[in-house]
Amino acid sequence: MDLSKLIGRKQEPQPEENRLSKEEYAALKKAEREELWAKVDNQAQAVFQDDASLKGFLDFMAQCTPQSTRNLLILYEQNPEITHPRTFEKWKEAGRSIRSGEKGYAFFADQEYEKEDGSRGNGYVITKAYDISQTRGPQPVPSRNRLPEEIIAAMAEQSPVPLVISDQLPQGVQAQYVPKQRTIYVRNGMDETATICAIAREQAHAQFDSVGSGYYRQAFAAQSYCAAYVAAKKFGLDVSAFRFDKVCQSCAGMDAREKRGFLSDVKRGAYAVARDIQRSFREQDQTIQPDEFAVGEPKPEKPPKTKPEKTQEER
């Protein structure tokens, strides 16, 4: 017998929501941060296991839009296929919406806060980010593939230091940055891909040689090599000649924090090289050039021919 028609339903009392005190909430957030940082450090250790593991992470660095090192590591740990992550708010500002049912990825979002003395400080909050593949909106325009000659020309135009062709480089040296002269010397006649990778490596060295950095070549040799790989990968070049076993061996004695620092150097060098190349391409695209689809000017109409009138004698 169904009693619902005879007896009204009375709302059952709901259990009171468990509210956290300020101290409990702070402890919860602290535990959340510690757990996420532990994953970041574990991923930093895993990246340097061997050639394949480091290459996989550097591929991710090349395909993903610029991020902090901690975000690159935590995003890679969650999904190596991510290419363009943003928070919900940032996607909303960009005019895109998150697809129904999509789950976000743990993400460190920068945040400015006010200190006790009234000054402003920079920190972060742990939030969620969504890849562009999880959003709705117009498909982004794919980047144009560039010829090797175009890439080399862009590297020369926007190089942080002059590029000079040299026939005096020692045997086996493709290119080298000389700090005292703030110049990169490049061997002529190399394969196009080898030329680009060699220049990118030395431009990374030049970026590391900033004022007061205490730069010396050996300290940044492995980082510059990795940065060249990321830059070459970003522009779709053949990177099959790169090997990272020696890099992994040189970093074997580092702790997680030192390995994060190494990857931060790689990121800084690679981003700087790629940014300079892209800047040159943007400037080229903004140059006024003849258009193959230009609208032609209409041809003036010819006046109609008139027959001369016959004279009276011709009539």
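**Notebook: surface patch, cavity and pockets**

I began with the surface of this predicted model, where L20, Y25 and L28 make a nonpolar patch of about 320 Å². I placed L28 in helix 1, which covers residues 22-47, and I noted that L28 counts as partly exposed because its relative accessible area is 48%.

I then looked for enclosed space and found, over the whole structure, one cavity of 30 Å³ or more; the volume of this largest cavity is about 40 Å³. I listed its lining as I151, M155, I196, A200, A228, A231, A232, F235, V273 and I277, and I saw that helix 5 (148-157), helix 6 (192-208), helix 7 (221-234) and helix 9 (256-285) each give two or more residues to it. Helix 7 supplies the largest share of that lining, three residues, and by class I recorded 10 nonpolar residues, with no polar and no charged ones.

Next I turned to the largest pocket, which holds about 680 Å³ of space and is lined by 18 residues, with P142, S143, R144, K234 and Q278 nearest its centre. Helix 9 gives the most to this lining, with four residues, and by class I noted six nonpolar, seven polar and five charged residues there.

My last entry concerns the second largest pocket, with about 380 Å³ of space and a lining of 15 residues, of which Q218, A221, A222, Y225 and K246 lie nearest its centre. I found that helix 7 contributes the largest share of this lining, four residues, and that the lining divides into seven nonpolar, four polar and four charged residues.

Key:
Residues numbered from 1 in each chain as written. Predicted model: local features only at pLDDT ≥ 70, side-chain atom pairs only at ≥ 80, totals over all residues. Heavy atoms only, no water. Patch = residues over 30% accessible without salt bridge, like charges linked within 9 Å, V, L, I, M, F, W, Y side chains within 5 Å. Areas by Shrake-Rupley, 256 points an atom, 1.4 Å probe, with all protein chains shown as cover. Salt bridge = Lys/Arg side-chain N within 4 Å of Asp/Glu carboxyl O. Buried < 20%, exposed > 50% of the residue type's maximum accessible area, 1.4 Å probe, protein only. 1 Å grid on protein atoms, 1.4 Å probe; cavity = no way out; pocket = protein on both sides within 12 Å on 5 of 7 lines; lining within 4 Å. Points joined across faces, edges and corners; volume = space filled by probe spheres on them. Nonpolar A, V, L, I, M, F, W, Y, C, P; charged D, E, K, R; others polar.
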